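Student: I am new to this structure. Please take one part of it and look at it closely with me, then show me how that part sits in the whole.

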Amino acid sequence: SYSDLAMKFDNVKSTYYAGGADEVKIYNDARLELSRANSAIENVQSALDAGKPSNEVDSRIDFAKQKLQAANDAYNNL
């Protein structure tokens, strides 16, 4: 889930920030994927709140799953 992954990112942040500019960039690039996943999840909630049709909500859910997987992959590549 998103919150578990966010916690993993937070747990390794200090290690990367202690490693110098190159390490910070690597971490921030991976963390950007997590931010994209969060935006996609919020987009799902917006569709639900607005009463959008189920096919649109499903499409947004699929997109959010893809972004969450990309964030997970980015974390695993750290």
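Tutor: Start with Glu33. Leaving aside neighbours within four places in sequence, Glu33 is in contact with Lys67, Ala70, Ala71 and Ala74. This is a predicted model. Glu33 itself is found in helix H2. Is Glu33 buried or exposed? Its relative accessible area is 18%. Buried means under 20%, so Glu33 counts as buried.

Now take Leu32, also a residue of helix H2. Leu32 has a relative accessible area of 40%, so it is partly exposed. Compare it with Ala74, one of the contacts of Glu33. Leu32 and Ala74 are 42 residues apart in sequence. In space, their C-alpha atoms are 9.1 Å apart.

Next, go to helix H1 and find Leu5 there. What does Leu5 touch, if residues up to four places away in sequence are not counted? The list is Leu34, Leu68, Ala71, Asn72 and Tyr75. Ala71 is also on the list for Glu33. So two residues meet at Ala71: Leu5 and Glu33, by the contact cut-off of heavy atoms within 4.5 Å. Leu5 is buried, at 4% relative accessible area. Ser59 gives another view of Leu5. The two are 54 residues apart along the chain, and their C-alpha atoms are separated by 22 Å.

Asn11 also has its place in helix H1. Is Asn11 buried or exposed? Its relative accessibility is 58%, so Asn11 counts as exposed. Measure it against Leu34, a residue that Leu5 touches. Asn11 and Leu34 are 23 residues apart in sequence. From C-alpha to C-alpha they are 14 Å apart in space.

Turn to the aromatic rings. How many aromatic pairs does a search of the whole structure find? The search finds 4. One of them joins Phe9 and Tyr27, with ring centres 6.0 Å apart. Their planes stand at 70 degrees, so this pair is edge-to-face. Phe9 lies in helix H1, residues 2–17, and Tyr27 in helix H2, residues 21–49. The pair therefore ties together parts that are 18 residues apart in sequence. Both partners are buried. Phe9 has a relative accessible area of 0%, and Tyr27 has 1% relative accessibility.

Which residues make up the aromatic cluster? Phe9, Tyr16, Tyr17, Tyr27 and Tyr75 form it. You have met Tyr75 already, as a residue that Leu5 touches.

Follow the chain on to Leu78. It lies in the segment after helix H3, which covers 54–76. Leu78 touches Phe9, Val12, Tyr16, Ile26, Tyr27 and Ala30, again not counting residues up to four places away in sequence. Among these are Phe9, Tyr16 and Tyr27, which belong to the aromatic cluster. How far apart are the C-alpha atoms of Leu78 and Phe9? They are separated by 9.6 Å, while their positions lie 69 residues apart along the chain as a sequence distance. Leu78 has 27% relative accessibility, so it counts as partly exposed.

Now step back to the whole chain. It has 3 helices and 0 strands. From the N terminus on, the elements run α-α-α. Of the 78 residues, 26% count as buried. Glu33, Leu5, Phe9 and Tyr27 are among them.

Where do the contacts come from? Take those with a separation of 6 or more. Residues 24 or more positions apart account for 58% of them. The link between Leu78 and Phe9 is one example of a long step in sequence, at 69 residues.

Look at the outline too. Along its principal axes, the C-alpha trace spans about 45 × 20 × 15 Å. A compact globule of 78 residues would have a radius of gyration near 12 Å, but this chain has 15 Å.

Finish with surface and charge. The chain exposes about 5100 Å², and carbon and sulfur atoms supply 48% of that area. It carries 9 positive and 12 negative charges. The mean positions of the two sets are 2 Å apart.

Note on methods: Residues numbered from 1 in each chain as written. Predicted model: local features only at pLDDT ≥ 70, side-chain atom pairs only at ≥ 80, totals over all residues. Heavy atoms only, no water. Helix = DSSP H or I, 4+ residues; strand = E, 2+ residues; numbered from the N terminus. Rg over C-alpha atoms; globule rule 2.2 N^0.38 Å. Buried < 20%, exposed > 50% of the residue type's maximum accessible area, 1.4 Å probe, protein only. Areas by Shrake-Rupley, 256 points an atom, 1.4 Å probe, with all protein chains shown as cover. Lys, Arg positive; Asp, Glu negative; His and termini not counted. Charge placed at Lys NZ, Arg CZ, Asp CG, Glu CD. Phe/Tyr/Trp six-rings, centres within 6.5 Å; stacked < 30°, edge-to-face > 60°.
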